[in-house]
Amino acid sequence: DVLLHIDSESEAEITFLIDSTGGELIDAFQLYAVIRMLRSPVTAVVLGECSSSALIVLQACTTKRSSRYARFLLHSGTATRPFRVDQDFEGTLRLWLEEKRRIDKEMVNLISECTNMTVAEVEEFRSRGDSANVCFGSEEALRLGLIDSILDDETYKLFAQTQKADP
């Protein structure tokens, strides 16, 4: 609601500062959809970590930047939303797993569509993240198309100062 309100007031650039270990994929997809609806350009700057569902939010943005010290992690999503178990525990679990697989597939496809990565490459990085929580840096994120640019130290300082000056 806040983003839609800001967007209705002005078409000025909106800046997202990302430092997140992620969260619910369903929530990230909802935020992705809202960001994509906005008329205003949206710039994301990854300050520290951009993991899991935060990668989805990052991909929604018009411009994607990071500090050179940023870390990125792609792994299978977690499906932690509560589900009700009646008498058919196995059936309920099967439905839950099907939903988790569907959401994971949506995540893989979205990241592939928004980057330079094929579906197979996204799956490979996801597998690395699943097995050992292997992070990668901003140079690799740039190569893969997850970000558009890496802020040099001077630009990063100017950016930080600008953000402090804006109410």
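What share of the contacts in the chain with a separation of 6 or more is accounted for by residues 24 or more positions apart? Such residues account for 69% of those contacts, a figure to keep in mind while moving through what is a predicted model.

**The whole chain**

Begin with the full chain in a cartoon view, coloured by secondary structure, where seven helices and six strands can be picked out. Followed along the sequence, these elements come in the pattern α-β-α-β-α-β-β-α-α-β-α-β-α. If you switch to a surface view, the accessible area of the chain is about 9,600 Å², and 52% of that area belongs to carbon and sulfur atoms. Of the 167 residues, 40% are buried.

**Helix α3 and the core**

Next select residues 53-60, which make up helix α3. Eight of its eight residues are buried, so the helix is largely enclosed by the rest of the structure. The residues in question are S53, A54, L55, I56, V57, L58, Q59 and A60. Showing the surroundings of α3 brings up the elements against which its buried residues pack, namely β1, α2, β2, β3 (63-67), β4 and α4.

From here, extend the selection to the largest nonpolar core, which has 37 residues and in which F16, L58, F72 and I111 touch the most other members. At least two residues of this core are supplied by each of β1 (14-20), α2 (25-37), β2 (42-51), α3, α4, α5 (119-132) and α6 (138-144). The largest share, six residues, comes from α3. In soluble globular proteins, nonpolar side chains tend to be buried together.

Centre the view on I111, and display the residues in contact with it: leaving aside neighbours within four places in sequence, these are L55, L74, M117, V122 and L146.

**The aromatic pair**

Now select F72 together with F136, both of which are buried. The count of aromatic pairs in the model comes to one. The ring centres of F72 and F136 lie 6.0 Å apart and their planes meet at 15 degrees, so the pair is stacked. Because F72 belongs to strand β4 (residues 71-73) and F136 to strand β5 (residues 136-137), the pair ties together parts that are 64 residues apart in sequence.

**Along helix α4**

Select residues 89-114 to isolate helix α4, and find L97 within this helix. With a relative accessibility of 30%, L97 counts as partly exposed. Adding F89 and L93 to the selection completes a nonpolar patch on the surface, in which F89, L93 and L97 together have about 230 Å² of accessible area.

Further along α4, turn on the charged side chains. The whole structure holds eight salt bridges, and one of them joins D104 to K100, with the closest N and O atoms 2.9 Å apart. D104 and K100 are four residues apart in helix α4, about one turn of the helix. D104 counts as buried, at 7% relative accessibility. To see how this bridge continues, add E123 and R126, which are linked with K100 and D104 in a network of salt bridges.

A second bridge joins E106 to R102, where the closest N and O atoms are 2.1 Å apart. E106 and R102 are likewise separated by about one helical turn, being four residues apart in α4. E106 is partly exposed at 32% relative accessibility, and R102 is also partly exposed, at 40%.

**Helix α6**

Move next to helix α6, where E140 forms a salt bridge with R143 and the closest N and O atoms are 3.2 Å apart. These two residues are three places apart in the helix, about one helical turn. At 23% relative accessibility E140 counts as partly exposed, whereas R143, at 54%, counts as exposed.

In the same helix, select L142, which is partly exposed with a relative accessible area of 31%. Not counting residues up to four places away in sequence, L142 touches N116, I147, D148, S149 and I150. A distance drawn between the C-alpha atoms of L142 and S66, which are 76 residues apart along the chain, reads 9.0 Å.

**Back to the beginning of the chain**

Finish with H5 in helix α1 (residues 2-9), a residue that counts as partly exposed at 48% relative accessibility. The C-alpha atoms of H5 and L38 are separated by 10.0 Å, while the two residues lie 33 residues apart along the chain.

Conventions
Residues are numbered from 1 along each chain as its sequence is written. This is a predicted model: local features need pLDDT of at least 70, side-chain atom pairs count only at pLDDT 80 or more; totals for chains, interfaces and linings use all residues. Side-chain values use heavy atoms; hydrogens and water are left out. Patches are made of residues with over 30% relative accessible area and no salt bridge: like charges are joined within 9 Å, nonpolar side chains (Val, Leu, Ile, Met, Phe, Trp, Tyr) within 5 Å. Accessible areas come from the Shrake-Rupley method with a 1.4 Å probe; for residues, only the protein chains shown count as cover. A salt bridge is a side-chain nitrogen of Lys or Arg within 4 Å of a carboxyl oxygen of Asp or Glu. Buried means under 20% relative accessible area, exposed over 50%, partly exposed in between (1.4 Å probe, protein chains only). Contact means heavy atoms within 4.5 Å. Rings of Phe, Tyr and Trp (its six-membered ring) pair if their centres lie within 6.5 Å; planes under 30 degrees apart count as stacked, over 60 as edge-to-face and the rest as tilted. A nonpolar core is a set of buried Ala, Val, Leu, Ile, Met, Phe, Trp, Tyr and Cys residues joined through side-chain atoms within 4.5 Å.
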